[in-house]
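Trainee: Hey, got a minute to look at a structure with me? I'd like to go through the surface and then whatever else turns up.
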Amino acid sequence: MEKVTILLEPAVVLFYTRIAQNAGISLEQVLSDALFKLAGELSLEAMQ
């Protein structure tokens, strides 16, 4: 795995932090999962 640094607006961080807390996982894992899901959706859309 590679480490990537991204800059997010405070409101975005707060939103995903709350999701992470509710799910009992780390903020990093929530962001990783969200980006992975988005990449999959965009790939499927591009193939159509």
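Mentor: Sure. Keep in mind that this is a predicted model. Let's start with the nonpolar patch: helix α2, residues 27–47, gives the largest share of it, three residues.

Trainee: OK, which residues make the nonpolar surface patch?

Mentor: V4, I6, L8, V12, L35, L38 and L42 make it, and the patch covers about 610 Å².

Trainee: Where does L8 sit?

Mentor: L8 is in the segment before α1, the helix that spans 10–23.

Trainee: And why does L8 count as partly exposed?

Mentor: Because its relative accessibility is 34%, and partly exposed runs between 20% and 50%.

Trainee: New topic, pockets. What volume does the largest pocket have?

Mentor: About 490 Å³. Its lining has 14 residues, and E2, V4, E28, L31 and S32 are the ones nearest the centre. V4 is also one of the residues in the nonpolar patch.

Trainee: Which element gives the most to that lining?

Mentor: That's α2, with six residues.

Trainee: How do the lining residues divide by type?

Mentor: Eight are nonpolar, three are polar and three are charged.

Trainee: Speaking of charges, how many salt bridges are there?

Mentor: The count is one. The side chains of K37 and E41 form it, at 3.0 Å from N to O. Both residues lie in helix α2, four residues apart, which is about one turn of the helix.

Trainee: Are those two exposed or buried?

Mentor: K37 counts as exposed because its relative accessibility is 56%. E41 has 39%, so E41 counts as partly exposed.

Terms used. Residues numbered from 1 in each chain as written. Predicted model: local features only at pLDDT ≥ 70, side-chain atom pairs only at ≥ 80, totals over all residues. Heavy atoms only, no water. Patch = residues over 30% accessible without salt bridge, like charges linked within 9 Å, V, L, I, M, F, W, Y side chains within 5 Å. Areas by Shrake-Rupley, 256 points an atom, 1.4 Å probe, with all protein chains shown as cover. Salt bridge = Lys/Arg side-chain N within 4 Å of Asp/Glu carboxyl O. Helix = DSSP H or I, 4+ residues; strand = E, 2+ residues; numbered from the N terminus. Buried < 20%, exposed > 50% of the residue type's maximum accessible area, 1.4 Å probe, protein only. 1 Å grid on protein atoms, 1.4 Å probe; cavity = no way out; pocket = protein on both sides within 12 Å on 5 of 7 lines; lining within 4 Å. Points joined across faces, edges and corners; volume = space filled by probe spheres on them. Nonpolar A, V, L, I, M, F, W, Y, C, P; charged D, E, K, R; others polar.
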